[in-house]
Amino acid sequence: MRLTGPLERVLRVLTADPSAQHYGYDLMKSARLPSGTLYPMLARLQQEGLVQSEWEAQREDAGGRPLRKYYRLTAEGARVARLELAHASTQARRAAQGVATRPVREGTR
């Protein structure tokens, strides 16, 4: 899995409560992503067995609203997401430390 910025945002939303179900619009708002980025990503994650989805049951009080498709991490998806996010955090810390601790060369001030 290549952890891109958009994928990282989606995984952070999904791992905040791995057992929670999120519908697409909820994920779009939370991860600040357009549908054209989010839905192909969710499809790939589902093909890889990291996310599962299910349609909500028809509700009488839905007021004509279309059925929602809910997504959540599988057990393997939660494991992989935690590892990827931990690795990304470690890389970000190292990069920040490298920038902050890089010595100043003489004559470049």
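Q: What makes strands E2 and E3 a pair in this predicted model?
A: Strand E2 (residues 51-55) is joined to E3 by 5 bridges. A pair needs at least two bridges. Therefore E2 and E3 count as paired. They run antiparallel. Within this pairing, Glu-54 stands opposite Tyr-70 in E3.

Q: How do you know that E1 and E3 pair?
A: Strand E1 (residues 22-23) and strand E3 (residues 69-73) are joined by 2 bridges. The cut-off is at least two, so E1 and E3 pair. These strands also run antiparallel. Here Tyr-23 stands opposite Tyr-70.

Q: Why is Leu-73 said to be in contact with Ala-78?
A: Contact means heavy atoms within 4.5 Å. Leu-73 is in contact with Ala-78, so the two have heavy atoms within that distance. Leaving aside neighbours within four places in sequence, Leu-73 also contacts Leu-11, Leu-14, Thr-15, Pro-18, Leu-50, Val-51 and Ala-81.

Q: What makes Leu-73 a buried residue?
A: Leu-73 belongs to the largest nonpolar core, which has 21 residues. Members of such a core are buried, and buried means under 20% relative accessible area. Therefore Leu-73 falls under 20%. Val-10, Leu-27, Leu-38 and Leu-73 touch the most other members. H1 gives the most to this core, with 5 residues.

Q: Why are 3 residues lining the largest pocket called charged?
A: Arg-2, Arg-44 and Glu-48 are among the lining residues. Arg and Glu count as charged, so these residues belong to that class. The lining also has 4 nonpolar residues and 1 polar residue. About 160 Å³ of space lies in this pocket.

Note on methods:
Residues are numbered from 1 along each chain as its sequence is written. This is a predicted model: local features need pLDDT of at least 70, side-chain atom pairs count only at pLDDT 80 or more; totals for chains, interfaces and linings use all residues. Side-chain values use heavy atoms; hydrogens and water are left out. Helices (H or I, at least four residues) and strands (E, at least two) are DSSP runs, numbered from the N terminus. On a 1 Å grid over the protein atoms alone, a cavity is a set of points where a 1.4 Å probe fits but cannot get out, and a pocket is an open set with protein on both sides within 12 Å along at least five of seven lines; lining residues have an atom within 4 Å of a point. Grid points are joined across faces, edges and corners, and a volume is the space filled by probe spheres set on the points. A nonpolar core is a set of buried Ala, Val, Leu, Ile, Met, Phe, Trp, Tyr and Cys residues joined through side-chain atoms within 4.5 Å. Buried means under 20% relative accessible area, exposed over 50%, partly exposed in between (1.4 Å probe, protein chains only).
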